[in-house]
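Me: I have a structure to study. Please take a close look at a single part of it and explain the terms as you go.

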Amino acid sequence: MATSAHLLIVYLPGVDMGFASRITASALPIAYAACVSAQDAPSRYNLQPPVTGIATEIYSMHTLMLIICLVIFVGVFGVMFWSVIHHRKSRGAVAANFHENTAVEIAWTVVPILILLGMAWPATKTVIAMKDTSSPDITIKATGYQWKWGYDYLQGEGEGIRFLSNASTPREQIEGKAEKGAHYLLEVDNPVVVPVGKKVRVLTTAADVIHSWWVPAFGVKQDAIPGFIRDTWFRAEQEGIYRGNCAELCGKDHGFMPIEVHVVSAERYSAWVQGRLALTAAAKVDDAREWGLGELVERGRVVFEANCAACHQADGKGLPPAFPALDGSPLVQGDKAAQIDLVLKGKQGTAMMAFGAQLSDADLAAVITYTRNAWSNVSGEAVQPAEVAAGRGN
Ligand code: HEC
Ligand SMILES: [Cu+2]
């Protein structure tokens, strides 16, 4: 690296460049030391340590280009300051007066072109590799919602698994009532789990506004656009937990939809898949059975806090006029069917989304029962999963 960067200094014919080599000779070790120590203290001042081939390429390209910029910076400013100081008027300098110097003109055209080509070549190679989502081992769809991620395992081991992933940072930390944890706003209730060394294709889309699925350590950042499917991929080469964010300004809680990916061994991945499929089977049983009022309210509170409280607030008072209060709402206290219909299908053109696609019948029945029996709402009535299932048909 040091030698190739050194070659980029422009040697001007007839000019003593001794000082320039002296400057770069002292600057390069400093630049190099900075890169190395930044690797030791990762992600404080530098990019996160890469864990995929693509992220590694991005990382070294970033370092290379910074060094090229530094060398050019030092070269240009060095010549400039040297000229200003050594050819100043008080020293009696007389300006040379000439027009057109073919050699210089060719040099200052050809050299930048070569530098640009030298940078464009590796960059283009990497960008093309980033777009090659062919023959994945596992395909996962990531759907952005205001404000959480939904994951569907579409192909490969784990096919059929789907879940929502909500930020799990405790509210006390967010409200400043407790000390912030190490992974403040970078932790979720249901992380994405993938096996190490396998090619994972991620399809991104959104249900409401544009979001973006970003995991820096994988070198992956892909917009999730309503009505479109975009894709990207990664092959994580190291087990571990990797974190990211939604990287597209998507409304009030944009900073509250983190991404957490657990890269695990093939055996642990299979065990996780079995566990998840068992949960899906259990959810089918929950959807099919009759529930008591107490257990619905209890489960409903959890569902509400994870899915509704961001807008309607934990105390049910909402944030009017944007988000209406559910506490005392005539709709919540009125006819069950109308409320089931609204929560299932959402309200087109407002932030109230269709929860039918996200939550199970049992979760919906629970959250609806909860809102009808929380705060000052006291219907005393339970909504059963079967009633939600019937509402889906309408
Ligand atoms: C992203 C914000 C947001 C989230 C999350 C959200 N809602 Fe809403 N909700 C709204 C908005 C906005 C309205 C008002 C829609 C309109 O203009 O009629 C609304 C309206 C409602 C109403 C009708 C209230 C009335 O008095 O008209 C109910 C009931 C309701 N939401 C239930 C829920 C439930 C249950 C959940 C969680 C499963 C939930 N909402 C999650 C934004 C949200
Ligand atoms: Cu977002």
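Reply: Here is a close look at helix α11 and what lies around it.

This is a predicted model: local features need pLDDT of at least 70, side-chain atom pairs count only at pLDDT 80 or more, and totals for chains, interfaces and linings use all residues. Residues are numbered from 1 along each chain as its sequence is written, while chains are lettered from A and ligands numbered from 1 in the order in which they are written.

Start with the helix itself. Helices are DSSP runs of H or I with at least four residues, strands are runs of E with at least two, and both are numbered from the N terminus. Helix α11 covers residues 361-372. Its twelve residues reach 16 Å from first C-alpha to last, close to the 16 Å expected at 1.5 Å a residue. (The expected span is 1.5 Å times one less than the number of residues.)

Next, burial. A residue is buried if 20 or more other C-beta atoms lie within 10 Å of its own, exposed if 12 or fewer, and partly exposed in between; C-beta atoms are placed from the backbone. In α11, twelve of twelve residues are buried. Among them are Asp361, Asp363, Tyr370 and Arg372. The cover over these buried residues includes α6 (266-288), α7 (293-307), α9, α10 and α12.

Now take one of those partners. Helix α12 (residues 385-393) packs against α11 at an angle of about 110°, with the axes 8 Å apart. Axes are lines fitted to C-alpha atoms, for helices over the stretch in contact, and angles run from 0 to 180 degrees between N-to-C directions. Under 35 degrees counts as roughly parallel, over 145 as roughly antiparallel, 65 to 115 as roughly perpendicular and the rest as oblique. Helices α11 and α12 are therefore roughly perpendicular.

Which residues meet? From α11 come Asp361, Ala362, Leu364 and Ala365; from α12 come Pro385, Glu387, Val388 and Ala389. Contact means C-beta atoms, placed from the backbone, within 7 Å. By class, this contact has six nonpolar, no polar and two charged residues. Ala, Val, Leu, Ile, Met, Phe, Trp, Tyr, Cys and Pro count as nonpolar, Asp, Glu, Lys and Arg as charged, and the others, Gly among them, as polar.

Last, the ligand. Ligand 1 is surrounded by 22 residues, and the closest are Cys308, Cys311, Ser329, Ala351 and Met352. Helix α11 gives two or more residues to this shell, as do α8 (309-312), α9 (330-333) and α10 (336-345). Near means a C-beta atom, placed from the backbone, within 6 Å of the molecule or strand. The shell divides into 14 nonpolar, seven polar and one charged.

How values were computed:
Contact = placed C-beta atoms within 7 Å.
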